[in-house]
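Take a look at the model below. Start with the ligand and the residues around it.

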Amino acid sequence: MDLVLCWENVSLYAVETKKSFLGKKTVRRLKLLNNVSGIAKAGELCAIMGPSGAGKTTLLAALSQRNTGIMQGDIHLNGRPIDKDLMVKMCGFVPQQDLAIKTLTVYEHLRFMAYLKMDQRVSKVQIERIIENLCRELNLDRCRRTRLSALSGGEMKRVSLAVQMLPDPPLLLCDEPTTGLDSFSASQVVSLLRSFAAKGKIVIASIHQPASGIFEMFDSVCLLVPGGRQAYYGDMDGAKKHFEQLGYVCPPDYNTAEYFLAKLNTHPEKLCKRFEISQAAKSLQTSIDSVNSASRECHLVYGMDERFLKFYSIQSASRQTQLKWLTWRAALDLVRNMQRIILRTFIYAITALFVAIPYTNTILNQEGIQSIQGRNYAVVAETVFLQAYAVMHTFPAEIPVLLREISNGLYEPAPYYLSKLITILPRAILETIMFSAMIYFIAGAGKDDLNFFWFTLPVIGCALASSAYGFCISAMFENIRTASLLSVPFDFISYTFSGLFLQLSTAPLHLSWIKYISRFYYGLEAMSILQWSDVDNIACPENESLPCIKSGEGVIYKYGYHPDNLFLDMTGLVTMFFVLHFLGYRFFVKRSQKSSTY
Ligand SMILES: Nc1ncnc2c1ncn2[C@@H]1O[C@H](COP(=O)(O)OP(=O)(O)OP(=O)(O)O)[C@@H](O)[C@H]1O
């Protein structure tokens with residue numbers, strides 16, 4: 001028995017939960033699909049058509065079991081209900097929006113997708129051959145080395161089709177594959193869909209105002225009107241006849257699809273009511289019933305041919321494989337953004353120069369104490385801000401791509417999070433070493449007997465804790481502007497407790513804990529201890545009436561620090577690194593569970 005997909009009286013509700021200002025919850029059910037039925041057979045190309053907002057995407061998402069709403073009705077494959085996991089494996093879904101990391105080339109994108117999407121028992125050679133064949137078949141050979149960002153709309157659509165065709169699924173659902181394309185590219189895409197159907201696949205595509213000639217390439221059509229109600233289901237000739245019986249005769253030389261759409265917009269009520277009692281609806285029901293009764297006599301699993309059973313046992317990519325390919329993609333993306341890296345390095349270098357130059361004349365005397373503390377604070381503060389804000393854009397920029405890829409089961413949140421860490425941490429460390437080196441050598445910090453390693457170590461600690469903070473904040477908030485806005489008061493409180501602006505020993509007792517969540521405090525105290533611990537003698541001013549701190553230890557105490565706190569400071573920064581990443585990861589997982597855009 002060839003594959004047959006039937007959907008019978010499918011209704012779908014979106015559940016909206018709103019919380020009032022006083023915390024009162026109201027739950028609203030919104031009906032998006034209303035008793036929609038249809039049948040699609042292997043070898044056929046089926047169109048879903050209707051005005052904007054009619055529910056075409058929703059129907060496709062429901063058929064492919066990607067919808068998160070409440071569904072009623074039956075979706076059967078060869079007359080048997082089908083579970084979500086198997087459907088996701090058997091069904092390629094080409095979304096309306098082509099989301100991808102656009103710095104990759106077509107070949108790199110297909111490779112990335114192939115290694116994560118396909119059965120892990122498929123060999124490298126086979127994968128390469130599949131990619132080659134798909135590129136040839138979808139006419140992508142010429143742009144194999146072109147970055148996705150440079151592709152035309154038609155080429156990008158064909159890349160999205162190629163991605164879904166990688167595991168050779170017997171079912172292919174495409175959401176508006178021709179939208180935004182010129183009529184030639186649109187007819188090329190529909191011809192491709194026809195050729196996939198001709199290979200024995202079920203192909204269903206939603207379509208919006210197809211040009212003349214394109215509409216006729218489909219075998220059957222499902223017409224929807226706003227509210228997700230059905231105005232027709234059947235073959236193309238039947239559709240014309242059905243409309244003619246209602247008195248809607250498409251004038252000669254007029255685009256049939258456009259004519260149907262005009263009528264769907266102007267007479268939705270009449271069309272839906274008349275379809276319910278039409279011959280077309282009766283023969284649809286007869287077809288569905290005959291598939292269901294045929295399946296009862298069939299003893300195969302799901303009534304399926306052996307060809308399809310392989311989808312049960314697909315071996316998905318392990319977490320290590322996911323991590324490997326995600327790191328590969330993130331690293332490629334990073335390298336491809338070379339301009340951004342150069343700009344960042346330049347900004348870092350300029351900032352280091354501006355921080356260092358005012359301190360070039362600093363010497364270790366009474367006046368120098370303030371300058372040295374100020375210089376060290378500047379190094380810590382600049383590192384904290386630059387590293388935190390550099391990663392704050394990490395997730396918001398990629399979230400739509402992630403949500404889709406995670407919801408399609410391509411990878412899990414943990415390998416993605418880890419791959420980002422692997423690519424961002426070396427950058428944070430290298431940038432910090434360069435930044436502190438410039439200040440150390442230009443401002444002449446070496447003159448104070450502090451070697452470069454000890455000067456940089458607490459700054460690297462601050463950079464790592466701050467990038468963890470950036471990860472956490474960006475995973476926490478959907479909107480980067482909200483994240484930055486809320487970050488400002490937190491940073492303000494944190495640096496007030498750094499020890500430079502407030503004598504920490506005089507801080508009110510109930511607020512003194514704040515220093516333990518301040519990266520500024522840990523960094524500056526550690527730097528102060530390393531800077532001053534070995535200084536035994538600081539020359540006093542000749543004027544004896546002026547205050548004098550005679551030893552480095554005195555300086556440490558002056559700022560409310562303690563000479564024995566170095567271990568506590570470094571442990572504090574390491575703890576912040578782990579705690580913030582743990583929280584960031586939890587927020588990220590929570591966010592990745594939200595439904596994606598199709
Ligand atoms: N999760 C949801 N919550 C509330 N309303 C939703 C949700 N998803 C879709 N809708 C609504 O359901 C209707 C159908 O949406 P759908 O995206 O399926 O339409 P469409 O026919 O594909 O439109 P278009 O041609 O413009 O893409 C729209 O009015 C949309 O606003």
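The text below goes from the ligand site to the annotated spans.

This is a predicted model, in which local features need pLDDT of at least 70, side-chain atom pairs count only at pLDDT 80 or more, and totals for chains, interfaces and linings use all residues. Residues are numbered from 1 along each chain as its sequence is written, and side-chain values use heavy atoms, with hydrogens and water left out.

Which residues are the closest to the ligand? They are S52, K56, T57, T58 and E176, among 15 that surround the ligand. A residue belongs here if one of its heavy atoms lies within 4 Å of the ligand. Five residues of this shell are nonpolar, seven are polar and three are charged. Here Ala, Val, Leu, Ile, Met, Phe, Trp, Tyr, Cys and Pro count as nonpolar, Asp, Glu, Lys and Arg as charged, and the others, Gly among them, as polar.

Three side chains reach ligand oxygen atoms through polar contacts (N or O pairs within 3.5 Å). For K56, the distance from a polar side-chain atom to a ligand oxygen is 2.9 Å. For T57 it is 2.6 Å. For T58 it is 2.5 Å. Strand 1 (4–19), strand 2 (25–41) and helix 1 (56–63) each give two or more residues to the shell. Helix 1 gives the largest share, three residues. Helices (H or I, at least four residues) and strands (E, at least two) are DSSP runs, numbered from the N terminus.

Now the annotated spans. An unreviewed UniProt entry lists "transmembrane region" for residues 346–364, 424–446, 452–473, 485–504 and 566–588. Such annotations may be inferred rather than shown by experiment. Residues 424–446 are 83% helix and 0% strand, with end C-alpha atoms 29 Å apart. Residues 566–588 are 100% helix and 0% strand, and their end C-alpha atoms lie 33 Å apart.

Notes: A polar contact is a pair of N or O atoms within 3.5 Å; within protein, one must be able to donate a hydrogen and the other to accept it, and residues adjacent in sequence count only if both atoms are side-chain atoms.
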